[in-house]
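Hello,

Here is the structure I promised to pass on to you. Please have a look at it first, and then read my notes below.

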Amino acid sequence: MNSGSLEQNNLNTVSIKEAKLDSDAMSILITADIDFEQFEAFATPFAAALDCEVRERQWGADRHQWLLNFEGSQLWLNYEFYGDICWVATETQADVEVLSYLMTLIRPLVADKGTHE
């Protein structure tokens with residue numbers, strides 16, 4: 001599969017309603033229809049669309065947390081069931097620039113193109 005078809009495949013399987021960069025919280029807030037029981041069906045193509053390597057997958061009764069690697073930057077993809085909240089976060093202020101770049105990769109995934117920065 002070439003990268004163009006991979007990108008198109010990811011665009012077809014990931015639908016985000018809204019994404020917003022919150023520099024102060026060092027995170028990207030994501031609104032999407034995510035099924036907690038089928039989180040992998042959202043997270044795997046989402047991570048691929050961001051060109052991130054999945055390093056670790058953790059989950060509990062009400063939360064998924066995946067460790068992602070983007071060109072040496074460690075990011076966390078989180079989803080909490082009870083709040084229906086999804087976000088990508090970094091623990092390093094220097095990686096906020098990485099989050100800003102990832103917003104450019106997320107924009108094509110936003111269904112209504114209402115992405116905010």
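Which strands does helix H3 (residues 96–106) lie across? Keep that in mind while we start with the sheet; please also remember that this is a predicted model.

The sheet is an open one, made by 6 strands with antiparallel pairing. If you walk across the sheet, the order is E1-E2-E6-E5-E4-E3. Strand E1 (16–22) and strand E3 (53–59) are the edge strands, so called because each pairs on one side only. From one strand to the next, the twist averages 20°.

For a look at one pair, try E3 and strand E4 (residues 63–70), which are joined in the antiparallel sense over 6 bridges. There you will find Gln-58 opposite Gln-65 in E4. As a general reminder, strands of a sheet pair through backbone hydrogen bonds.

Now to the helices. Helix H2 (residues 39–49) packs on the sheet and touches E1, strand E2 (27–32), E3, E4, strand E5 (73–80) and strand E6 (85–89). The direction of H2 makes about 15° with that of E4. Back to my question: helix H3 lies across E1, E2, E4, E5 and E6, and H3 runs at about 160° to E1.

Finally, find Val-110 in the segment after H3. Is Val-110 buried or exposed? Its relative accessibility is 1%, so Val-110 counts as buried, the cut-off being under 20%. Val-110 and Thr-31 are 79 residues apart along the chain, and their C-alpha atoms are separated by 9.4 Å.

Enjoy exploring!

Best wishes

Methods:
Residues are numbered from 1 along each chain as its sequence is written. This is a predicted model: local features need pLDDT of at least 70, side-chain atom pairs count only at pLDDT 80 or more; totals for chains, interfaces and linings use all residues. Side-chain values use heavy atoms; hydrogens and water are left out. Two strands pair if DSSP finds at least two bridges between them. Helices (H or I, at least four residues) and strands (E, at least two) are DSSP runs, numbered from the N terminus. Axes are lines fitted to C-alpha atoms, for helices over the stretch in contact, and angles run from 0 to 180 degrees between N-to-C directions. Contact means heavy atoms within 4.5 Å. Buried means under 20% relative accessible area, exposed over 50%, partly exposed in between (1.4 Å probe, protein chains only).
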